[in-house]
Amino acid sequence: MNLWIAITMMAGMMIVAAIFAAAVYNQLIALGTNCENAFAQIELQLKRRYDLIPNLVECVKSYMAHEKSTLESVIAARNQAAAGLKQAAEQPQNPEALQAWMGAETALNGALGRLTAVIEAYPNLKADASVAGLTEELTSTENRIAFARQAYNDWVTGFNTNRLAFPNCLVAGLFGFDRNRKHLDFADAQKLVDAPRVMLA
């Protein structure tokens with residue numbers, strides 16, 4: 001009789017443990033999926049940004065014949081950032097890939113900042129409707145990127161907190177959730193948002 005009670009209790013404990021493990025697994029899968037969806041929104045907006053930058057460079061090129069190196073550095077930085085994003089999107093849980101991409105975004109921000117300063121020195125550009133339209137689109141895109149990045153970081157915080165919380169931490173590693181996801185924190189996030197804002201009064 002005692003053996004039967006012990007077996008019943010053991011079976012009950014195993015069922016409870018299995019239900020708990022399944023709940024933790026499902027929670028982490030759902031949070032991970034939300035992280036990936038949020039990253040996809042960042043990727044979508046950044047691809048739009050990467051498409052706008054060459055158009056802006058093409059528009060200002062005729063006004064800036066003596067600024068060839070500035071324009072070339074913007075395109076090179078844009079290409080590097082686009083390549084970094086592609087690699088980060090393929091390996092969203094690889095902190096090295098994310099760090100390399102964020103470094104490339106910071107470099108692109110610097111190049112766009114220099115382009116903005118040069119554009120300000122060319123009054124004729126302020127009257128160019130194409131340049132004004134592109135800079136407005138870039139500004140709008142940057143705002144959407146900032147919003148998407150914040151949403152991604154919020155989901156990452158939720159995932160990491162859930163993974164590390166007790167008792168979830170006891171089983172998360174068994175399911176392959178053995179490390180935190182990395183937040184997207186660029187070296188100078190505010191300037192990244194502000195970089196392409198060219199005041200065309």
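Reader: What share of the accessible surface of the protein belongs to carbon and sulfur atoms?
Author: This is a predicted model, in which local features need pLDDT of at least 70 and side-chain atom pairs count only at pLDDT 80 or more, while totals for chains, interfaces and linings use all residues. Residues are numbered from 1 along each chain as its sequence is written, and side-chain values use heavy atoms, with hydrogens and water left out. The accessible areas come from the Shrake-Rupley method with a 1.4 Å probe, and for residues only the protein chains shown count as cover. The accessible surface of the protein comes to about 11,000 Å², and the share that belongs to carbon and sulfur atoms is 61%.

Reader: How many helices does the protein have?
Author: Helices (H or I, at least four residues) and strands (E, at least two) are DSSP runs that are numbered from the N terminus. From that end on, the elements run α-α-α-α-α-α-α. The protein has 0 strands, and its number of helices is 7.

Reader: What percentage of the 201 residues count as buried?
Author: A residue is buried if its relative accessible area is under 20%, exposed if it is over 50%, and partly exposed in between (1.4 Å probe, protein chains only). Of the 201 residues of the protein, the part that counts as buried is 37%.

Reader: Which element gives the most residues to the largest nonpolar core?
Author: A nonpolar core is a set of buried Ala, Val, Leu, Ile, Met, Phe, Trp, Tyr and Cys residues joined through side-chain atoms within 4.5 Å. The largest one has 44 residues, and among those with the most contacts inside it are Phe39, Trp101, Tyr152 and Leu184. Two or more residues come from each of α1, α2, α3 (95-120), α5 and α6. With 14 residues, the element that gives the most to this core is α1.

Reader: Which residues is Asn160 in contact with, leaving aside its neighbours within four places in sequence?
Author: Asn160 lies in helix α5 and is buried, with a relative accessible area of 8%. Contact here means heavy atoms within 4.5 Å. Once its neighbours within four places in sequence are left aside, the residues in contact with Asn160 are Asn180, Arg181 and His183.

Reader: Where in the chain does Glu36, the salt-bridge partner of Arg181, lie?
Author: A salt bridge is a side-chain nitrogen of Lys or Arg within 4 Å of a carboxyl oxygen of Asp or Glu, and in the pair of Arg181 and Glu36 the closest N and O atoms are 3.3 Å apart. The two residues are 145 residues apart, with Arg181 in the loop between α6 (169-172) and α7 (189-194) and Glu36 in helix α1 (residues 2-61). Arg181 counts as buried at 7% relative accessibility, whereas Glu36 is partly exposed at 39%. The place of Glu36 is therefore helix α1.

Reader: Which residue does Glu142 meet in a salt bridge at 2.3 Å?
Author: The side chain of Glu142 takes part in a salt bridge with an N to O distance of 2.3 Å, and the partner is Arg49. The pair links distant parts of the chain, 93 residues apart, since Glu142 belongs to helix α5 (residues 129-164) and its partner to helix α1. Both residues are buried, Glu142 as well as its partner, which is Arg49.

Reader: Why does the salt bridge of Arg78 and Asp51 tie together separate parts of the sequence?
Author: The closest N and O atoms of Arg78 and Asp51 are 4.0 Å apart. Arg78 lies in helix α2 (residues 68-90) and Asp51 in helix α1, so the pair ties together parts whose separation in sequence is 27 residues.

Reader: Which residues make the nonpolar surface patch of about 380 Å²?
Author: Patches are made of residues with over 30% relative accessible area and no salt bridge, where like charges are joined within 9 Å and nonpolar side chains (Val, Leu, Ile, Met, Phe, Trp, Tyr) within 5 Å. Leu174, in the loop between α6 and α7, is exposed at 71%, while Phe175, found in the loop between α6 and α7, is partly exposed at 34%. The patch of about 380 Å² is made by Tyr25, Ile29, Leu174 and Phe175.

Reader: How many disulfides does the count come to?
Author: A disulfide is a pair of cysteine sulfur atoms within 2.5 Å. Cys59 counts as partly exposed at 24% relative accessibility, and Cys169 is partly exposed at 37%. By this rule, the count of disulfides comes to 0.
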